[in-house]
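Me: Could you take me through this model, starting with its surface and moving on to how its helices pack?

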Amino acid sequence: MAKVEDCPGFETFGADVKAARKARRLARKALAEMVGIEWRYLANIENKGTIPSLPVVIQLIKTCGLPVERYFNPEVLRSESEQRQRVGHKLKLCPEEYLPIIEGAIDGAIKIEQPKKKEAGDA
């Protein structure tokens, strides 16, 4: 069985699965059943850094809505700030009905920033 140290990009996989499961308010047993594994095995993935087989990784990524590029192409994400990565991940976990609120907040932040840039350009 692979170890986290041998799988660059998978350092946070278990913690990401656990956070996604909790955000979706799923019991460990329920997620394990959805993916087709034992709940104890899922506990080892979440808490001990066990790297599962590729089919299980794929099922966990799909079921939890995790960003596949984080694990299989980590160089892409390294160009983004940690905060931008966290926000992007949380956005994927967010229920659809809250997205208009989040979009409004982002639009408001962009509007606040645009006048600042215009003022700086006028100087």
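Me: Which residues form a nonpolar patch on the surface?
Reply: Happy to help! This is a predicted model, where local features need pLDDT of at least 70, side-chain atom pairs count only at pLDDT 80 or more, and totals for chains, interfaces and linings use all residues. Residues are numbered from 1 along each chain as its sequence is written, and side-chain values use heavy atoms, without hydrogens and water. The patch has about 350 Å² of accessible area together (Shrake-Rupley method, 1.4 Å probe), and its members are Leu54, Ile58, Val68 and Phe72.

Me: Which elements give two or more residues to the nonpolar patch?
Reply: Helices here are DSSP runs of H or I with at least four residues, numbered from the N terminus. Valine 68, for one, lies in helix H5. The elements asked for are helix H4 (54-64) and helix H5 (68-72).

Me: How is H1 oriented to H3?
Reply: Helix H1 (residues 13-23) and helix H3 (residues 39-48) have axes 6 Å apart and an angle of about 115 degrees. Angles of 65 to 115 degrees count as roughly perpendicular, under 35 as roughly parallel, over 145 as roughly antiparallel and the rest as oblique. Therefore H1 is, relative to H3, roughly perpendicular.

Me: Which residues of H3 make the contact with H1?
Reply: Contact means heavy atoms within 4.5 Å. From H1 come Phe13, Gly14, Ala15, Val17, Lys18 and Arg21. On the H3 side are Leu42, Ile45, Glu46 and Asn47.

Me: At what angle do H2 and H3 pack?
Reply: Helix H2 (residues 28-35) has its axis 8 Å from that of H3. Arg28, Lys29, Leu31 and Ala32 in H2 meet Trp39, Leu42, Ala43, Glu46 and Asn47 in H3. The packing angle is about 105 degrees.

Technical notes
Axes fitted to C-alpha atoms, helices over the stretch in contact; angles between N-to-C directions. Patch = residues over 30% accessible without salt bridge, like charges linked within 9 Å, V, L, I, M, F, W, Y side chains within 5 Å. Salt bridge = Lys/Arg side-chain N within 4 Å of Asp/Glu carboxyl O.
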